[in-house]
Amino acid sequence: MILKVAIVQQIDSMNPFLAVFQSSTEIGRLMYDYLTAYTAADQTVTEGLANKWEPSPDKLTWTFTVPEGKKWSDGEPITARDVAFTYNLMLSDSVARTANGSFVTNFQDVTAPDDRTVVIRTKTPQVTMLALDVPIVPKHVWEKVSGIKDYANDQMPVVGSGPFVLTEHVAGQFIKLKANKNYWRGAAKFDELHFVYFQNSDAAVQALGKGEVDLVNRMAPAQFDSLDGKAGVTRNKAQGRRFTELMINPGAQTRTGEPIGDGNPALKDVRVRRAIAQAVDLDALVQRVNLGYAEKGSGLVPPVFGKWHWQPTEQEQRRFDPAAANAALDAAGFPRKADGTRFPLRLIGRAGRAYDEQASEYLKRSMGEIGIPLDVRLVSDNQLNEATTAATYDLAFSGWATNIDPDFILSLHTCAQRPGADGKGGTTDAYFCDETYDKLYAQQLSEFDEGKRVEIVKQMQARFYDQVPAVILSYENALEGYRSDHFATFTTQPAQGGVIMAQNGMWGYYGAEPAGRAVQAQGSRWVGLALGGAVIAVLVAVVVVMARRRNATAGERE
Amino acid sequence: MRLAGRFGGAALSLVMVAVLGFFLFRVVPGDPVVSMTRGRPTTAAMQAELRAQFGLDRPLPEQFWNYFTSLLQGDLGTSFTFRRPVADVILERLGPTLLLVGTATLIAVGLGLWLGVRAAWRRDSGFDRVTTGVSLTLWAVPTFWLGMLLMMVTGDLFPSRGMRDTDTAPDFVSQALDVGHHLVLPSVTLVAVVCAEYMLVMRSSLLEEMHAPYLTTARAKGLRDDVVRRRHAVPNAVLPAITLVFLRFGLVVAGAITTETVFSWPGLGLLFYDALTGPDYLLLQGLLVVTAGAVVVMNLLADLLHGVLDPRVKVV
């Protein structure tokens with residue numbers, strides 16, 4: 001039994017130290033376990049390669065236990081030495097930090113005093129020690145690798161610790177994995193997992209309808225609707241991990257305080273930013289642009305992450321109110337001019353993304369109502385990235401996928417993420433820099449009481465909402481579909497309303513259960529194959545007949 | 001002498017292309033490192049590391065010098081996206097592209113020229129009107145739309161993506177049949193779209209010959225109409241079509257970006273598309289050199305062949 005999954009993004013590398021594309025990371029999760037994992041049911045921390053962990057009283061030393069009995073796919077035992085080897089490789093070789101370096105920047109050293117124990121010492125207390133998304137590689141394979149940079153990791157089958165083993169990779173076409181019989185949680189309930197590459201998501205949706213693939217994700221609302229009632233297909237409308245935002249240039253500056261970019265100076269005034277946010281009807285956007293397949297935005301952490309998600313209280317809530325927004329702009333010192341406008345703004349978004357195309361039209365009207373004429377420019381992905389990196393925007397559409405631990409998405413808005421004096425090296429999202437927010441960020445990073453940390457994280461989101469460097473517009477649903485005539489169930493994360501693909505884990509694929517009597521569409525495929533053959537045969541026949549006719553009539557010439 | 005000049009000109013064009021390509025793609029907006037790492041926990045140090053790995057931290061003149069000197073040694077550099085030598089990545093995609101675009105071009109040329117001759121010979125007949133009308137319509141239709149439409153109306157007769165299935169038996173016959181099966185829709189799409197060009201060129205150049213006195217002479221000799229057309233009119237009218245065909249053969253290598261994208265055909269067109277989204281500079285430069293090289297070589301061949309087909313054109 002084979003599970004065929006459609007992917008629409010290229011694979012950059014199968015080397016887990018180099019792979020940065022989301023698709024590669026997703027496949028990497030199937031090949032290698034991490035030190036710890038998240039459960040499918042409620043996304044809490046659970047056993048990965050380690051089954052026990054303990055921070056020291058000063059929180060600077062973490063001791064992880066790797067239990068006996070776990071094996072690599074080639075039968076070798078998995079030990080603490082593999083874990084220490086992986087982290088030390090990253091600490092000693094900057095190339096090995098290419099993909100996951102951010103997780104080890106605060107590491108002092110990593111040792112394995114025996115086969116079962118890993119000791120990690122950090123420079124400062126770090127609360128995210130159970131959220132280290134670093135694939136652990138087998139020491140006995142990787143210690144023979146001379147240069148990480150040129151290692152493609154394509155010695156098939158690739159030795160790993162995850163539920164699947166990579167067996168074949170044809171670039172731009174497909175990737176094949178087999179169930180790992182040595183997997184410590186037990187082998188998957190089907191034999192092979194194939195990822196087939198689609199450049200065109202419409203074709204992927206069609207292929208699902210025809211039964212060529214069994215699982216498709218990231219569908220657009222219209223594509224999702226087109227599968228409604230299709231025999232053999234079950235749709236999964238899941239709570240997504242992504243949000244879409246409207247960035248408002250808050251007067252971008254570099255890390256050293258130099259102004260950068262060309263944002264409209266009026267936007268430096270927080271009252272103006274609030275007024276803009278107030279003039280946008282988020283409910284209407286969700287209904288008309290997301291076609292209802294989204295939830296209204298508020299904080300930086302989507303509701304799928306439960307306790308970390310923040311909702312404004314009745315008082316904090318910024319209600320859609322153009323009249324109040326107009327009054328606020330008047331009060332802020334931006335009265336309407338004779339022609340009824342206050343000041344113009346530019347909005348930049350991505351051409352070809354349906355959301356940006358439709359929402360920009362909508363925003364044009366909303367901003368018009370508060371006297372702000374909007375100049376909309378939809379550009380390529382690269383141009384959009386360039387403009388937001390260089391802060392050459394007033395308003396811009398953006399969006400992020402978030403993780404279970406909120407640290408990453410929160411870190412994007414700290415002052416230190418802004419670029420250096422040369423405008424390079426920045427990883428800021430919206431050029432936000434706020435003392436209160438930064439203090440809270442540092443606090444949560446060393447708050448080991450989860451209840452208290454949750455509170456701080458919520459305060460940060462409230463501060464962000466109040467200062468509006470960006471309006472969180474919506475949390476899109478993840479729209480997925482699968483062949484329920486081939487696979488009866490998939491494990492979603494979280495159990496209620498969760499996703500199958502793009503999880504913080506490998507449960508979706510690993511937990512797939514084949515349907516009782518799988519009816520793969522072999523019959524129609526043979527018809528197709530025969531037809532393919534027939535077409536080729538006809539083509540050949542035509543060529544032959546024409547050639548012969550030519551010869552025959554040539555003989556009749558004068 | 002003139003032959004040497006032709007070769008020299010071709011070589012010079014190639015060098016120009018290599019130089020131009022380097023600067024052309026640097027103007028493409030976007031920072032490869034930023035777009036690659038977007039959405040992941042990335043530190044400034046990690047970005048700097050990637051820049052250093054790709055050689056993007058060097059000054060532009062130095063990057064150019066490195067690129068140009070390795071190019072002269074046949075080294076196209078390493079792709080950022082695929083982390084493999086550009087030459088390997090391109091070579092891997094060359095086969096699928098030659099298969100798809102080559103097959104489609106051959107069919108389109110054969111069909112187009114044949115239809116063009118028939119249409120011109122019986123000008124204004126029902127056959128002429130229908131074939132001209134249909135092929136013009138198909139030519140005007142967006143390739144993307146036509147491809148999707150074909151995919152939809154053929155239901156599950158043909159696969160929607162790629163060149164082969166992942167679970168086809170490994171023996172040669174099964175694999176060949178599977179590739180043939182996958183080839184049908186993309187090549188039909190491609191033929192439908194480009195056929196009109198050959199047909200119209202052939203038709204108009206034959207129409208110009210239709211009233212030439214030598215055809216009257218041929219008829220006066222009592223030759224059958226069919227023979228007059230085949231032996232006398234067509235050989236004289238075929239030259240513009242030949243030029244076109246060779247130009248097109250040069251472009252075969254460039255793939256068919258839209259068709260390959262619709263059907264996820266793993267060829268050079270799709271590679272171009274992927275490289276642009278990086279932007280993967282070295283891959284783009286490599287693709288430009290290879291495709292431009294093919295056009296230059298085919299142009300040269302067309303020039304030389306003209307001399308053979310038409311003695312009036314003297315090359316040497």
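User: In this predicted model, how do strand β6 and strand β7 of chain A pair, and over how many bridges?

Analyst: When you look at two strands side by side, ask about their sense and about the residues that face each other. Here, in a model that is predicted, strand β6 (residues 107-114) of chain A pairs with strand β7 (residues 117-122) of chain A in the antiparallel sense, over 5 bridges. One partnership to find on the screen is that of A:Val110, whose bridge partner in β7(A) is A:Ile120. The two strands form a hairpin, with 2 residues between them.

User: Which strands form the open sheet in chain A, and in what order?

Analyst: To read a sheet, follow it from one strand to its neighbour in space rather than along the sequence. In this case 4 strands of chain A form an open sheet in the order β4-β5-β7-β6, and the pairing is antiparallel. The edge strands are β4 (52-55) and β6 of chain A, each of which pairs on one side only. Neighbouring strands of this sheet are turned by 15° against each other on average, if direction is ignored. At the β4 side, β4(A) pairs with strand β5 (residues 61-65) of chain A in the antiparallel sense over 4 bridges, and there A:Pro55 has A:Trp62 in β5(A) as its bridge partner.

User: Which helix lies across β6 and β7 of chain A, and at what angle does it run to β6(A)?

Analyst: For a helix on a sheet, look at what it crosses and at its direction. Helix α2 (residues 80-92) of chain A lies across β6 and β7 of chain A, and it runs at about 155° to β6(A).

User: Which residues does A:Val83 touch, leaving out those up to four places away in sequence?

Analyst: The general idea is that, in soluble globular proteins, nonpolar side chains tend to be buried together. In this model A:Val83 touches A:Leu35, A:Leu49, A:Val66, A:Ala112, A:Val118 and A:Ile136, not counting residues up to four places away in sequence. A:Val83 is also, with A:Ala6 and A:Val118, among the residues that touch the most other members of the largest nonpolar core, which has 221 residues. The element that gives the most to this core is α8(B), with 16 residues.

User: How many residues does each chain bring to the contact between chain A and chain B?

Analyst: An interface is best read one side at a time, and here the contact takes 56 residues from chain B and 58 residues from chain A. On the chain B side, several helices give two or more residues, including α5 (86-121), α8 (172-209) and α13 (268-277) of chain B. The helix that gives the most to that side is α3(B), with 8 residues. By type, the residues of the chain B side divide into 26 nonpolar, 17 polar and 13 charged.

User: How many helices and how many strands are there in chain B?

Analyst: Counting the elements comes before looking at any one of them: chain B has 14 helices and 0 strands. Its C-alpha trace spans about 85 × 60 × 40 Å along its principal axes, and 41% of its 316 residues count as buried. The UniProt annotation "transmembrane region", from an unreviewed entry, covers several stretches of chain B, among them residues 183-201 and 281-302. Residues 183-201 of chain B are 100% helix, with end C-alpha atoms 27 Å apart, while residues 281-302 of chain B are also 100% helix, with end C-alpha atoms 31 Å apart.

User: Is α13(B) mostly covered or mostly uncovered?

Analyst: To judge a helix, count its buried residues and then ask what covers them. α13(B) is mostly covered, with 7 of its 10 residues buried, including B:Leu268, B:Phe272 and B:Asp274. What covers these buried residues includes α5, α12 and α14 (281-309) of chain B.

User: Why does A:Thr234 count as partly exposed?

Analyst: Exposure is judged by counting neighbours, and A:Thr234 counts as partly exposed because it has 16 C-beta neighbours inside 10 Å, a count that falls between the 12 or fewer of an exposed residue and the 20 or more of a buried one. A:Thr234 is found in strand β12 (residues 233-248) of chain A. Leaving aside neighbours within four places in sequence, A:Thr234 is in contact with A:Gly481, A:Tyr482 and A:Ser484. A:Thr234 and A:Ser484 are 250 residues apart in sequence, yet their C-alpha atoms are 5.7 Å apart in space.

Technical notes: Residues are numbered from 1 along each chain as its sequence is written. Chains are lettered from A and ligands numbered from 1 in the order in which they are written. This is a predicted model: local features need pLDDT of at least 70, side-chain atom pairs count only at pLDDT 80 or more; totals for chains, interfaces and linings use all residues. Two strands pair if DSSP finds at least two bridges between them. Axes are lines fitted to C-alpha atoms, for helices over the stretch in contact, and angles run from 0 to 180 degrees between N-to-C directions. Two residues are in contact if their C-beta atoms, placed from the backbone, lie within 7 Å. Ala, Val, Leu, Ile, Met, Phe, Trp, Tyr, Cys and Pro count as nonpolar, Asp, Glu, Lys and Arg as charged, and the others, Gly among them, as polar. A nonpolar core is a set of buried Ala, Val, Leu, Ile, Met, Phe, Trp, Tyr and Cys residues joined through C-beta atoms within 7 Å. UniProt positions are given in the numbering used here, feature names are shortened, and annotations may be inferred rather than shown by experiment.
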